[in-house]
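Open the model in a viewer and keep the selection panel at hand. Each stop below says what to select and what is found there.

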Amino acid sequence: MAQVEMIMPKMGESVAEATILKWLKNEGDKVDAEESVLEIATDKVDSEVPAPTSGVILKTLFKEGDVVKVGAVIAIIGAEGDAPVVTEPHVTASTPVAVAPPTPTQTPTQTAPTPAMSTPSTGVPQDAPTTGRFYSPLVRSIAQQEGIASAELETIPGTGLEGRVTKKDMLAYVSGKGVRKDAPAPSPAPATGRGVRPDAPAASPAVSMSGNIEIVEMDRMRKLISEHMVMSKHTSPHVTSFVEADVTNMVLWRNKIKSSFEKREGEKITFTPIFIEAIAQVIKEMPMINVSLDGTKIIIKKNINIGMAAALPSGNLIVPVIKNADQMNLLGLTKAVNDLANRARNNKLQPDDIQGGTFTLTNVGTFGNVMGTPIINQPQVAIMATGAIQKKPAVIETPQGDTIGIRHMMFLSMSYDHRIVDGALGGRFIRRVADILEAFDMDRTV
């Protein structure tokens with residue numbers, strides 16, 4: 001059989017590279033067409049790459065942990081006993097190449113921006129360490145700028161491939177040592193409409209290491225979530241409004257039709273598509289919630305793309321997006337919600353599935369919480385949280401007078417960016433969503 005080049009697939013319009021997490025097949029292993037060969041991760045999602053054809057893995061061109069550009073050849077598939085033929089150079093996007101260290105008159109090539117640092121008079125000897133440990137030019141540059149000698153450099157633990165010291169290892173080590181006395185004071189962040197400079201390091205409080213503790217490194221997705229949440233709080237002045245809604249009609253209606261719906265459609269109907277339908281309706285009525293900010297410019301989004309926060313089995317959070325939610329009926333929303341939730345749980349989401357959101361819904365009631373104060377999913381300007389539905393005694397207004405009855409009640413909370421959404425708009429928006437849910441038609445068909 002002819003040899004087939006397996007390439008790094010395109011995982012979305014804005015995704016240019018991916019990290020190889022794990023090879024599921026090794027050189028010499030047989031594979032069937034569409035059988036998963038490796039797991040990859042982008043800055044959006046993790047996914048598996050299937051074999052383009054049946055055959056034998058003749059050669060893998062990258063190691064686990066390598067960052068590979070989209071379109072690069074990552075493996076050769078052919079017949080058993082064939083010698084692999086590579087027709088395209090396999091260059092990673094960020095794997096350091098062993099090159100001679102720069103001389104004092106050369107400027108080291110940097111693969112990523114580093115914090116501004118003054119160059120001290122005492123640098124790192126540029127000869128190779130006696131242990132033979134490899135250091136990339138970027139790591140050497142940081143060490144030189146921070147006055148870290150070769151002997152000290154070799155004591156720094158590395159988290160990269162084969163224990164290699166990475167830029168993150170160096171910056172973590174430098175921050176742990178504290179600010180050098182001869183280091184210049186940091187310049188103030190420029191005043192911009194986008195908040196704190198993205199390259200400004202966050203100060204971390206000292207952590208006590210005494211007692212019975214365990215230190216666990218964040219996984220890749222948790223690091224991304226952490227950075228995104230901190231950035232959001234730095235960017236937007238958050239305000240949260242709350243309303244309580246009587247959703248008795250909605251609950252009774254779902255209880256009445258859920259069995260027949262599942263038999264007919266093969267889908268379970270949850271409250272999430274009902275919430276999304278109401279939110280989409282109110283966004284059409286109040287489009288200034290469906291915006292983002294670029295400095296002092298307001299970008300009004302014409303498409304209503306609602307993200308739904310979903311908890312993964314790992315405990316991490318991901319927000320797949322229902323595109324053009326206002327153009328779907330309740331059946332379409334139910335199928336879209338179930339499809340995205342299932343693919344999120346099974347690690348089958350594509351990067352495009354979590355891009356383009358203009359408003360986000362998170363259901364804190366899933367965990368028994370009655371309300372929450374969610375953090376805005378940048379660059380959006382609002383996010384709504386739905387709390388647990390609970391039976392409560394409530395006042396019921398009737399033509400004959402007020403009475404007390406048992407009702408299904410829930411809290412809605414919405415955090416919004418006070419730079420663009422004032423309390424009047426935020427308050428009216430969440431109240432209108434509650435009104436729609438309270439007036440749910442008990443005789444509705446779906």
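Select Arg264, Glu265, Glu267 and Lys335: these four residues are linked in a network of salt bridges. The model is a predicted one, and the search of the whole structure finds 15 salt bridges.

Within the network, begin with Arg264 and Glu265, whose side chains meet at 3.0 Å, N to O. Arg264 is partly exposed, at 47% relative accessibility. Glu265 also counts as partly exposed, at 23%. Now add the salt bridge between Lys335 and Glu265, with an N to O distance of 3.7 Å. This pair connects distant parts of the chain, since Lys335 lies in helix H7 and Glu265 in helix H5, 70 residues apart. Lys335 has a relative accessible area of 31% and is partly exposed.

Next, select helix H5, residues 248-265. How far does H5 reach from its first C-alpha to its last? The span is 24 Å over 18 residues, close to the 26 Å expected at 1.5 Å a residue. Centre the view on Ile257, where H5 bends by about 45°. Ile257 is also one of the buried residues of the helix, along with Thr248, Met250, Val251, Trp253, Arg254 and Phe261. To see what covers these buried residues, show strand S9 (238-246), helix H6 (272-285), helix H7 (330-345), strand S19 (401-417) and helix H8 (423-438), which are among the covering elements. Helix H7 therefore appears twice on this stop: it holds Lys335, the partner of Glu265, and it helps cover the buried residues of H5. Step past the end of H5 to Gly266, which follows the helix and has a positive phi, near 70°.

Strand S9 leads to another salt bridge. Select Glu244 and Lys392: their closest N and O atoms are 3.2 Å apart. The two residues are 148 apart along the chain, with Glu244 in strand S9 and Lys392 in strand S18 (residues 390-398). Glu244 is partly exposed, at 32% relative accessibility, and Lys392 is partly exposed as well, at 24%.

Move on to Val381, in the loop between strand S16 (359-363) and strand S17 (382-386). Is Val381 buried or exposed? Its relative accessibility is 1%, so Val381 counts as buried, the cut-off being under 20%. Leaving out residues up to four places away in sequence, show what Val381 touches: Ile289, Val291, Ser292, Ile376, Ser415, Tyr416, Asp417, Ile420 and Val421. For a distance to check in the viewer, take the C-alpha atoms of Val381 and His418, which are 8.4 Å apart although the residues are separated by 37 places along the chain.

The last stop is a sheet. Select strands S1, S8, S6 and S3, which form an open sheet of four strands in the order S1-S8-S6-S3, paired antiparallel. Which strands stand at the edges? They are S1 (4-7) and S3 (30-31); each has a single partner strand, so one side of each has no neighbour in the sheet. Zoom in on S3 and strand S6 (residues 55-60), which run antiparallel and are joined by two bridges. Here Val31 stands opposite Gly55 in S6. Strands of a sheet pair through backbone hydrogen bonds, so switch on the backbone atoms to follow the pairing.

How values were computed. Residues numbered from 1 in each chain as written. Predicted model: local features only at pLDDT ≥ 70, side-chain atom pairs only at ≥ 80, totals over all residues. Heavy atoms only, no water. Pairing = 2+ DSSP bridges. Expected span 1.5 Å × (residues − 1). Bend = angle between axes of the 7 residues up to and from the residue. Buried < 20%, exposed > 50% of the residue type's maximum accessible area, 1.4 Å probe, protein only. Contact = heavy atoms within 4.5 Å.
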